[in-house]
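I opened the model today to look up one residue and the ligand site. My notes are below.

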Amino acid sequence: MRVAADAAKLRGRGRDIVDFGPGEPDFPTPDNVKRAAVRAIENNFTRYTPAGGTMELREAICERHAADFGTSYTSSECVVSAGGKHALFNLMQVLLDPGDEVTIPVPGWSTYQDIVSYCGGTPVFAGANEESGFAITASLIENHLTDRTRAVLINSPCNPTGDVIGPEEFGRICRLTAKRGIWLVTDECYSHLLYDGLPFSVASVPGARSTVIVAGSLSKAYAMTGWRIGYALAPPLVAAAVAKLQSQSTSNPNSIAQKAAVEALRGSQDSRAEMRTEYLRRRDFTVQRLRAIAGIRCPEPKGAFYVYPNIRQILDRGGPMDPAEFAGQLLDQAGVAVVPGEAFGTTDHVRITFAVSMRDLERGLDRLDKFVAGLKG
Ligand SMILES: Cc1ncc(COP(=O)(O)O)c(C=O)c1O
């Protein structure tokens with residue numbers, strides 16, 4: 001968000017900025033979804049709804065999850081919030097007591113630690129190994145559990161690394177958390193953006209539903225970041241607690257956005273597939289261009305829409321000292337915004353999103369290439 005603000009400031013002063021910072025689709029929301037929202041307004045669907053979301057939307061979420069992943073959630077296990085971030089925030093509020101620990105793999109989305117801390121918990125970081133592609137494994141998690149661990153918070157496909165946990169390993173993580181009697185919270189924000197293999201939810205593992213909690217979102221899959229619709233799938237007591245909490249904070253998610261979300265989930269899924277195909281083309285282009293720049297190591301992400309290249313060799317040349325300084329100079333001198341790895345818990349990387357147009361990818365990567373070539377060393 002800060003990178004986006006800095007980029008916007010420079011743009012406001014007339015600079016041409018290529019923004020690889022934000023994590024949001026550049027596609028418009030699909031037309032059928034927009035039309036459903038217009039209909040909702042015209043039909044005066046503009047009042048309060050139940051705090052946990054309309055029955056229609058909760059059923060649509062359960063149906064889509066069942067169709068995509070083979071689960072069998074019912075509406076009493078579903079609660080709708082104002083985006084996936086809000087769903088996670090509510091979940092941590094109802095799950096954590098002061099001092100409870102939450103194990104969070106690193107690199108990981110910076111929001112997790114702030115939410116956990118805000119809710120009185122203690123984030124415990126499980127540093128994944130770069131040589132293994134930052135793979136998140138059961139043994140990595142197990143090494144970071146203590147008597148105070150209340151939950152493990154996992155994100156696959158991962159923002160920022162693009163790592164995807166395979167069904168077998170996810171099953172092992174699920175058995176581990178169940179055995180320890182702790183929650184496995186799985187952030188499925190990017191679960192439809194896979195470039196290999198079939199989408200998988202750990203909630204489909206037999207018996208998992210009593211200890212697994214899904215936090216989902218329509219933001220990325222349906223290009224709906226501004227509509228603010230996310231959800232939790234959880235045992236009924238947890239879902240009810242989230243709805244109760246929500247009833248005294250935001251009341252209910254926006255009524256019009258809920259109607260739009262029903263159409264997104266029940267209508268044609270073609271746009272979701274089309275966006276994925278376009279992201280794949282952009283991913284391949286981005287990885288190939290970055291690999292051609294001396295000093296950059298760029299693994300191929302298996303999901304989501306980010307690359308997380310290692311720039312250590314460039315930093316060691318004696319120019320910018322760390323990714324934050326690198327990102328600052330790149331923005332000032334070349335007009336390209338990237339997110340420094342410090343935001344995700346590592347010191348050798350930057351995150352670049354390829355959820356931007358092909359034209360911007362070409363322009364931005366040309367500028368990055370020239371900027372790196374011009375650094376001393
Ligand atoms: C890993 C991850 N989870 C959840 C979200 C939440 O998205 P939203 O609140 O728009 O649903 C994001 C957004 O960037 C994300 O990167």
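These entries cover the model, then Val94, then the ligand.

Model. I am working from a predicted model, where local features need pLDDT of at least 70, side-chain atom pairs count only at pLDDT 80 or more, and totals for chains, interfaces and linings use all residues. Residues are numbered from 1 along each chain as its sequence is written, and side-chain values use heavy atoms, with hydrogens and water left out.

Val94. I found Val94 in helix 4, residues 84–95 (helices are DSSP runs of H or I, at least four residues, numbered from the N terminus). I looked up its relative accessible area, which is 28%; Val94 therefore counts as partly exposed (between buried, under 20%, and exposed, over 50%, with a 1.4 Å probe and protein chains only). Beyond its neighbours within four places in sequence, Val94 is in contact with Val238, Ala241, Val242 and Leu245 (contact means heavy atoms within 4.5 Å). I also checked Glu169, 75 residues from Val94 along the chain: the two C-alpha atoms are 28 Å apart.

Ligand. Which residues are closest to the ligand? I noted Gly84, Asp187, Ser217, Ser219 and Lys220, out of 14 that surround the ligand (a heavy atom within 4 Å). I then looked at polar contacts (pairs of N or O atoms within 3.5 Å). The side chain of Ser219 has an N or O atom 2.7 Å from a ligand oxygen, and a polar side-chain atom of Lys220 is also 2.7 Å from a ligand oxygen. For the Arg228 side chain, I noted 2.8 Å between an N or O atom and a ligand oxygen. The ligand taken alone exposes 390 Å², of which the protein buries 92% (Shrake-Rupley method, 1.4 Å probe).

Notes: Helix = DSSP H or I, 4+ residues; strand = E, 2+ residues; numbered from the N terminus. Polar contact = N/O pair within 3.5 Å; in protein donor to acceptor, adjacent residues only side chain to side chain.
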